[in-house]
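Open the model in your viewer and keep the selection panel at hand. Each stop below says what to select and what is there.

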Amino acid sequence: MTHDPNCIFCKIVQGQIPSKKVHEDEHIYAFHDIHPWAPVHFLLIPKLHIPSFAQLGPEHVTLMGHMMTMAPKLALQEGCNPYPQGGFRIVSNNGAEGGQEVQHLHVHVMGGPRPWLRG
Ligand code: AMP
Ligand code: ZN
């Protein structure tokens with residue numbers, strides 16, 4: 001399954017639900033979180049519907065390598081201050097006990113001057 005018609009992040013990728021886009025390429029999509037915890041807070045997702053990190057396999061190595069290496073570039077683009085005085089936080093919630101609410105693999109990228117609302 002490349003996308004799940006009931007998944008809100010798949011709908012965002014397909015433009016069926018509006019989002020504030022941070023980045024898009026063939027394989028990944030990034031957009032602002034609607035409830036930001038920090039001055040910079042965006043979500044980075046594969047376009048492919050993968051429910052969480054728990055479903056990752058060897059076929060996803062290139063995709064996840066691309067996604068994770070884009071995170072610091074996009075953090076700077078969105079206004080995070082440079083490492084090490086600045087920096088950013090990457091968080092991923094997986095499964096019920098991991099606090100995951102949306103069942104499409106995503107990482108939160110947060111940064112900017114403290115204090116933050118949460119995190
Ligand atoms: P979690 O699955 O726990 O990592 O949380 C999902 C995150 O998605 C939360 O931080 C929500 O604020 C965010 N979120 C949910 N719906 C949308 C949406 N339509 N646009 C942007 N962010 C969203
Ligand atoms: Zn999805």
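**The pocket and its ligand**

Sorted by class, the lining of the largest pocket holds 12 nonpolar, 7 polar and 4 charged residues. The model you are viewing is predicted.

Stay with this pocket for the next selection. In total, 23 residues line the largest pocket. Pick out Asp33, His35, Leu43, Glu101 and His108, the lining residues that lie nearest its centre. The volume of the largest pocket is about 530 Å³.

Which elements each supply at least two residues of this lining? They are α1, β2 and β5, the last of these spanning 107–111. Colour α1 separately, since the largest share of the lining, 3 residues, comes from α1.

Now show ligand 1. The space that ligand 1 takes up is the largest pocket. Two elements give two or more residues to the shell around ligand 1: α1, at 8–13, and β2, at 28–32. Here too α1 can be singled out, as the largest share of the shell, 3 residues, comes from α1.

Next, select the residues around ligand 1; there are 16 of them. Asp33, Gly99, Glu101, His106 and His108 come nearest to the ligand. By class, this shell has 7 nonpolar, 7 polar and 2 charged residues.

**Contacts with the backbone**

Turn on the backbone atoms and look at three residues in turn.

- Ile34: a polar backbone atom of Ile34 is 3.2 Å from a nitrogen atom of ligand 1.
- Glu101: a polar backbone atom of Glu101 is 2.7 Å from an oxygen atom of ligand 1.
- Val102: an oxygen atom of ligand 1 lies 3.0 Å from a backbone N or O atom of Val102.

How much of ligand 1 does the protein cover? On its own, ligand 1 has 510 Å² of accessible area, and the protein covers 87% of that area.

**Two cis peptide bonds**

Leave the ligand and turn to the peptide bonds. Most peptide bonds are trans. The last two stops are cis.

Select Tyr83 and Pro84. The peptide bond that joins Tyr83 and Pro84 is cis, with omega at about 5 degrees. Where does Pro84 lie? Pro84 is in the loop between α2, which runs over 61–77, and β4, which runs over 88–91.

Finally, select Arg114 and Pro115. The peptide bond from Arg114 to Pro115 is cis, and its omega is near 15 degrees. Pro115 is found in the segment after β5.

Terms used: Residues are numbered from 1 along each chain as its sequence is written. Chains are lettered from A and ligands numbered from 1 in the order in which they are written. This is a predicted model: local features need pLDDT of at least 70, side-chain atom pairs count only at pLDDT 80 or more; totals for chains, interfaces and linings use all residues. Side-chain values use heavy atoms; hydrogens and water are left out. A residue is near a molecule or strand if one of its heavy atoms lies within 4 Å of it. A polar contact is a pair of N or O atoms within 3.5 Å; within protein, one must be able to donate a hydrogen and the other to accept it, and residues adjacent in sequence count only if both atoms are side-chain atoms. Accessible areas come from the Shrake-Rupley method with a 1.4 Å probe; for residues, only the protein chains shown count as cover. On a 1 Å grid over the protein atoms alone, a cavity is a set of points where a 1.4 Å probe fits but cannot get out, and a pocket is an open set with protein on both sides within 12 Å along at least five of seven lines; lining residues have an atom within 4 Å of a point. A molecule sits in a cavity or pocket if more than half of its atoms lie within 2 Å of its grid points. Helices (H or I, at least four residues) and strands (E, at least two) are DSSP runs, numbered from the N terminus. Ala, Val, Leu, Ile, Met, Phe, Trp, Tyr, Cys and Pro count as nonpolar, Asp, Glu, Lys and Arg as charged, and the others, Gly among them, as polar. Grid points are joined across faces, edges and corners, and a volume is the space filled by probe spheres set on the points.
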